[in-house]
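Me: Could you take a close look at a single part of this structure for me, and then work outward from there? I'd enjoy one connected account rather than a list.

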Amino acid sequence: QVQLVESGGGLVQAGGSLRLSCAASGRTFSRYVMGWFRQAPGKEREFVAAIMWSGSVLSYAESVKGRFSISRDNAKNTVYLQMNSLKPEDTAVYYCAYRSSGVSSYDYWGQGTQVTVSS
């Protein structure tokens, strides 16, 4: 089992920044993919960004390109999501997810952290 714990959410004004962290523990994989997803009230969960164990960024959602940056620290088993130029539409619960690089679906999910952007 892999446990994921997110942190760093909060309330910020539009135009501000936040950095989310997701720490993985347990039986982690040497080759993994970690992703960030978000779910706004009344909407379906959507993909935000994903990164491989090597540091290669898989992709960003179009809505966050140029504003968000995903990175990882293998020594700390932690992935980060730096969010700049935040907009009210970025308000959501943000979840990190984890999978082996050999599978296509995310098997492990964190509990989520709330990000609220005020206008």
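**A close look at Ser 100**

Reply: Ser 100 counts as buried because its relative accessibility is 18%, and the cut-off for that label is under 20%. Please keep in mind that this is a predicted model. The residue belongs to strand S9, which covers residues 92-100. If we set aside residues up to four places away in sequence, Ser 100 touches Phe 29, Arg 31 and Tyr 32. Of the strands listed here, S4 spans 32-39, so Tyr 32 is in the range given for that strand.

From S9 we can move to the nonpolar interior. The largest nonpolar core has 29 residues. Leu 4, Trp 36, Leu 81, Met 83 and Tyr 94 are the members with the most contacts inside this core. S9 is one of the strands that supply at least two residues each, along with S1, S3 (18-26), S4 (32-39), S5 (46-52), S7, S8 and S11 (113-118). There is also a second, separate core of five residues, and its members include Val 33, Phe 37, Ala 97 and Tyr 106. As background, nonpolar side chains in soluble globular proteins tend to be buried together.

Tyr 94 also gives us a handy way over to Gly 9. The C-alpha atoms of Gly 9 and Tyr 94 are separated by 8.1 Å, although the two residues are 85 apart along the chain. Gly 9 sits in the loop that runs from strand S1 (2-7) to strand S2 (10-13). With a relative accessible area of 32%, Gly 9 is partly exposed. Beyond its neighbours within four places in sequence, Gly 9 is in contact with Leu 20, Thr 113, Gln 114 and Val 115.

Two of the other strands that feed the largest core, S7 and S8, are worth a stop of their own. S7 (residues 68-73) and S8 (residues 78-83) run antiparallel and are joined by six bridges. One bridge pairs Ser 69 with Gln 82 in S8. Four residues lie between the strands of this hairpin, and Asn 77 takes a positive phi near 50° there.

Finally, let's turn to the charged side chains. The structure holds four salt bridges. One of them links Glu 46 to Arg 38, with the closest N and O atoms 2.6 Å apart. Glu 46 is partly exposed at 35% relative accessibility, while Arg 38 is buried, its relative accessible area being 6%.

Another joins Lys 65 and Glu 62 at 2.7 Å, N to O. Lys 65 is partly exposed at 44% relative accessibility, and Glu 62 is exposed at 64%.

The side chains of Arg 67 and Asp 90 also meet in a salt bridge, again listed at 2.7 Å from N to O. Arg 67 is in the loop between strand S6 (57-60) and S7, and Asp 90 is in the loop between S8 and S9, so this pair ties together parts that are 23 residues apart in sequence. Both Arg 67 and Asp 90 are buried. A network of salt bridges links Arg 67 and Asp 90 with Arg 38 and Glu 46. That brings us back to our starting point, since the loop holding Asp 90 lies between S8 and S9, and S9 is the strand in which we found Ser 100.

Definitions and conventions
Residues are numbered from 1 along each chain as its sequence is written. This is a predicted model: local features need pLDDT of at least 70, side-chain atom pairs count only at pLDDT 80 or more; totals for chains, interfaces and linings use all residues. Side-chain values use heavy atoms; hydrogens and water are left out. Buried means under 20% relative accessible area, exposed over 50%, partly exposed in between (1.4 Å probe, protein chains only). Contact means heavy atoms within 4.5 Å. Two strands pair if DSSP finds at least two bridges between them. A nonpolar core is a set of buried Ala, Val, Leu, Ile, Met, Phe, Trp, Tyr and Cys residues joined through side-chain atoms within 4.5 Å.
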